[in-house]
Amino acid sequence: MLLNEQDHFLSYNGEVLVFQLSKPKHAEEADDKTVNLCVRRMAFNRDTKLFVQKSSGVFSVGASHSKIEMICCSCTMDSRTGLILPCVLMKKKKRNNIKYFLLLLHSSNQFEPSFYFKLDYELKEDIRLFAGPSLLWRHANKLFYISSKTSVVQSAPVQLSSVVWTGEIVGEGTVVLGIRTACVPESEDPDGFSLSDRAIWGSEFFGYAVQTQKMLTGTCFMPHAYSRVVSSVYVCKSERLKTQLRISLVAITHKNQLIWFQNGAPKGVCELPYEKPCSVKPALTRSNDLLFVVSFASGNSCVVQRRDSLQVASKWQQVMCVLVDDFIGSGSEQLLLLFKDDSKAEALSTFKITDLGEVNYASGINYKHDVPAAEGLQENGLLTVRALETRLQAGWTSVRELQQHLGLQKRVILESCRALKDLVEERTHILPSSKEVKCRRWARSLLSLVSLWDDVENPPDSLGKVTSLASKVPEHFPEELWQRVVGDSLVVGVKLTESFYLSLSDVSLSLVMDQDFSSISPIIKCQSKIIKLNKAFSALAVSSSQIEPPPKKMKLDLHSKNDLEKEFPRGSSRIQLDGAKTVTAVTSLSPLLAFHRVCCVVLLHARKQNHQNESLQQSKKITVLCGKILLSLEDISNGRYSVKMLRDNSYCTGSMEDILAVLAVSVRFSFQIVSCECTLTPVSSWLLGEMECTPFKECQDNIFCHKAGDMHGTIFNWALKDPFEGVLTIFCRNLTVLFQCLHSLTRVLPPSCSVKFLRSGSRGVLTEQLALALEKEMLTLKNSLFLKKTKAENSLTWGNESGKKMNNAPLASLLDTEEGVQQFRKKLQNEREESVRSMNQTVDGALYQKTALRTAEAQLSSDMIVWRLA
């Protein structure tokens, strides 16, 4: 019996497996009939900086008059479990009978025979282990392979002179890359590059897919011209774009070169320091540097680094083998170099671990007494990197959770918008089924939806209350729905009927797209205004277009509420609006045109209030469906919704909707003009002359500017209080137009004239509004001071029963006697205690909240008007 004394080393999950053949300890008893295949698992100890044995295993092989050898070892995938396991190819030779068998090593250090086969020749050329486990070799320029599934030797229908690589290719499975003598099929194009290339060099590359028995074109790996010099190849990356295969690989040549190929073309070359390179393998270090480890037949090794170019980074001599793995547990790969040692010492006694950077361990150094200065820094660096990597992973997890939360929030908002549309249109809203809901959390959110428009005043008891409230509103409350296009703005208007017997405040419009878009919100962002057009031509701005003092923000539309209360006193239980009012919504037009054709639902939101017994009752919000509008790019191109303001016999012929549309997109500015020395006749001449203005037929006190340029479309209102004082109101698109108008006006006014900006209307109107606001504030405070939970709490008790009996007694008679003085003193003490109790009475929390809200609303209203008068 002969033994192969050479040990085999294999790296696996950061450990080093040492395979060795040995005789049993009781060889005499065994009668030389068995041989043991021993395996030792060695791990690097970072404290002692040495390799220590973790475990071991033994497999006994019958070897009666036989020669046992280890051919090779590698890590391959077990197709039964998908796990990567170490495997060893063994040879048992007895005379002319040669038997090969493959062993798998499990984590329990147990060997499992995978398959065996017999040959009449020895395996010597291009022996490769690959997934299955499977074995491939070359013999007599033919390719043979066997797998654990079939256990039968099969021959590939190809002739080849060498195998340079075996591995996995995307979409092709296991592929063998080899070199063969050039053979040109008759069907191939004689003008092709591959034909001339093969004819010149006499050889060609080819790829053979083992599972599908398919031939691959060799030019996607490298040109055929390199087939005469390449000895070994490593494919770094493979991908398939449609039908094209893209390959990145490195190859070593007989000319002592390492060449980088990208998609079949050479991209870089590096001269190697030694002769006869035989293998190449990659390593990915901590700094994401890709290293190529090249081994030579002389026992030398070198590392080629690929950054901007290929260059030799380091080289070593007398190297027994080079392993690549994460031996120190840092999360990246290092190189383990095992050096030749003639002293026949213990395996792994002479080694070096390096990544050509911070990691650098070597045997033969006493780390306990002679620790290099860099060791402490290296340990700290490793710990710091691990901590940073953990924090980075935690941050990335938080980002993913935030993205999921935002996606969930978006889906809930979209479903809420659909529920709102169905509610207003009196349709039954059906929540998504369990198959449509992607997560349970979204389902729970949808089941607990509440109204987006009534989340404070009305608790979400049931959706039926909102429906019943909407049914009480008159059906013909919105009298007319129209739309206009002014510049880059879309104006949608709703004319309110005069027969609505409830006062309105906090009025606004909403535009909701009728189509279902999964990626965008159906709610269209818009700006609402309520406009009353009469002889005085007053335009009241509400919602987002109102003017507010800098230190305060309001939720309610106090601006329009004060004007309505001025026109209709609180004493009336049935209030009717005099004059038609129109609510408008302005939104940007260009985003809607991206859909080419859009259908929008128009919703009117208002606050309904009743005034009874001089106390403000709880307000309720109502939502009314006004109709739908259809917007298409074709209609806009034809000018169907354009504003038409033309001259006709010194008048402007614009319709009422055109006027309201211009007002909706304009900003109102009022100026008080006072002249002490002369009349203000130049103002009228300036408007009709230089500004080229014409009055509207519907309201002749207001004029439209036809002057070409930026000021075209500006509306003016000139009201004279007396010949020396007047108020000029300008409705313009922006501040630039306003400054142009004022600059032109100052050139025609006398130098003695003064122009004062009025923040909101005339001073007389604001004074009357302030009086009403202060009156309302006083009444609100009066009602809140004597607010009690029950009627019994409103009555104040003065003294007890004994005290009540003394009320009829004269005061002088009580003070004549000592007993009377004591009774009078007791009466005063009872009155004092009752007074203290009356001052410390409690109020229900909900009732106090409503009272505080009404008080704050009244105070904000008066503060707003005072700010305007300032």
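In this predicted model, the largest nonpolar core comprises 26 residues, of which Leu-490, Leu-509, Val-602 and Leu-604 touch the most other members. At least two residues of this core come from each of strand S30 (489-496), strand S31 (503-513), strand S35 (581-588), strand S36 (597-609) and strand S39 (620-632). When neighbours within four places in sequence are set aside, Leu-490 contacts Gln-483, Arg-484 and Val-485, together with Ala-585, Val-586, Thr-587, Leu-589, Leu-592, Ile-629 and Leu-631. A second core, separate from the one just described, contains 24 residues, among them Phe-671, Cys-705, Trp-718 and Leu-742.

Over the chain as a whole, 16 helices and 47 strands are assigned. Of its 870 residues, 44% are buried. Among contacts with a separation of 6 or more, 55% join residues 24 or more positions apart. The exposed area of the chain is about 47,200 Å², with 52% supplied by carbon and sulfur atoms.

Helix H11 (residues 735-746) was examined in detail. For its 12 residues, a rise of 1.5 Å a residue predicts a span of 16 Å, and the computed separation of the end C-alpha atoms, 16 Å, agrees with this value. Val-737, Leu-738, Cys-741, Leu-742, Ser-744 and Leu-745 are the buried residues of H11. These residues lie on the same side of the helix, because the arc they cover around the axis is only 160 degrees. In an α-helix there are 3.6 residues a turn, so residues three or four places apart point the same way. Exposed residues Phe-739 and His-743 are carried on the face of H11 turned away from the buried side. The packing partners of the buried residues of H11 are strand S42 (667-674), helix H10 (681-688), strand S45 (715-722) and strand S46 (725-732). At the N-terminal end, H11 is capped by Asn-734, a side-chain oxygen of which lies 3.2 Å from the backbone nitrogen of Thr-736.

A further buried position was examined in strand S8 (residues 111-119), which contains Phe-117. The relative accessibility of Phe-117 is 5%, and this residue therefore counts as buried, the cut-off being under 20%. Excluding residues up to four places away in sequence, Phe-117 touches Ile-98, Lys-99, Tyr-100, Leu-123, Leu-135, Trp-137, Ile-146 and Val-153. Of these partners, Ile-98 is 19 residues from Phe-117 along the chain, and the C-alpha atoms of the two residues are separated by 8.7 Å.

Definitions and conventions
Residues numbered from 1 in each chain as written. Predicted model: local features only at pLDDT ≥ 70, side-chain atom pairs only at ≥ 80, totals over all residues. Heavy atoms only, no water. Core = buried A, V, L, I, M, F, W, Y, C linked by side-chain atoms within 4.5 Å. Buried < 20%, exposed > 50% of the residue type's maximum accessible area, 1.4 Å probe, protein only. Helix = DSSP H or I, 4+ residues; strand = E, 2+ residues; numbered from the N terminus. Contact = heavy atoms within 4.5 Å. Areas by Shrake-Rupley, 256 points an atom, 1.4 Å probe, with all protein chains shown as cover. Expected span 1.5 Å × (residues − 1). Arc of directions from axis to C-beta. Polar contact = N/O pair within 3.5 Å; in protein donor to acceptor, adjacent residues only side chain to side chain.
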